[in-house]
Amino acid sequence: MKSGQTLVFLLVFMAMAITVTTAAVLVIISNSQAASKLEQSLSAYAVAESGAEEALLSLLRKTTYASTGSEALTVGEGVATITVAGTNPKTILSQGVYNNFFRQVQVTAGYSGGILSVTSWQEVY
């Protein structure tokens, strides 16, 4: 090896090592942010489901229950906005909000022979 060649190899190796390390850190940060957003979205869905379940409980307690406008239900750090419409079957729309993430659940339920039956439970986009 000639004089100074070792220094050049060392500089090239260091540049490659820094590039690989930087890329790995950026991938880790990106995955962490995506996982955080997924978790917040799932929390918004859970809040929406809680709102739908609350409306079903209200229907069980009072068969003529219908919301007058929207009702708000606080679930942890999220808020479910619940709307109940219709006579039989009743349509429950619950929107869950958690840290600017929105998810909606629509439930259709009706009474038949004095028994409340849920006929549909789906996420609305």
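**Exercise 1.** In this predicted model, find the strand that holds lysine 90, then work out whether lysine 90 is buried or exposed and which side chain of opposite charge is nearest.

*Solution.* Start with the location: lysine 90 belongs to strand β3, which covers residues 90–98. Next, look at its surroundings. Lysine 90 is buried, yet it has no salt bridge. The nearest side chain of opposite charge is that of glutamate 71, 11 Å away. A salt bridge needs the charged atoms within 4 Å. Finally, check the backbone: the oxygen of glycine 86 lies 3.4 Å from a polar atom of the lysine 90 side chain.

**Exercise 2.** Follow glutamate 71 across to its neighbour: which residue of β2 stands opposite, and in which sense do β1 and β2 pair?

*Solution.* Begin with the two strands. β1 spans residues 71–75 and β2 spans residues 78–85; they pair in the antiparallel sense over five bridges. Across from glutamate 71 you will find isoleucine 82 in β2. Now look at the turn: two residues separate the strands of this hairpin, and glycine 76 there has a positive phi of about 60°.

**Exercise 3.** Decide how exposed methionine 14 is, and name the surface patch residues around it.

*Solution.* First, place methionine 14 in helix α1, residues 5–61. Then read its relative accessible area, 40%. Buried means under 20% and exposed means over 50%, so methionine 14 counts as partly exposed. Last, gather the patch: Met14 joins Leu7, Leu10, Leu11, Phe13 and Ile18 in a nonpolar patch on the surface, with about 630 Å² of accessible area together.

Methods
Residues numbered from 1 in each chain as written. Predicted model: local features only at pLDDT ≥ 70, side-chain atom pairs only at ≥ 80, totals over all residues. Heavy atoms only, no water. Patch = residues over 30% accessible without salt bridge, like charges linked within 9 Å, V, L, I, M, F, W, Y side chains within 5 Å. Areas by Shrake-Rupley, 256 points an atom, 1.4 Å probe, with all protein chains shown as cover. Helix = DSSP H or I, 4+ residues; strand = E, 2+ residues; numbered from the N terminus. Buried < 20%, exposed > 50% of the residue type's maximum accessible area, 1.4 Å probe, protein only. Pairing = 2+ DSSP bridges. Lys, Arg positive; Asp, Glu negative; His and termini not counted. Polar contact = N/O pair within 3.5 Å; in protein donor to acceptor, adjacent residues only side chain to side chain.
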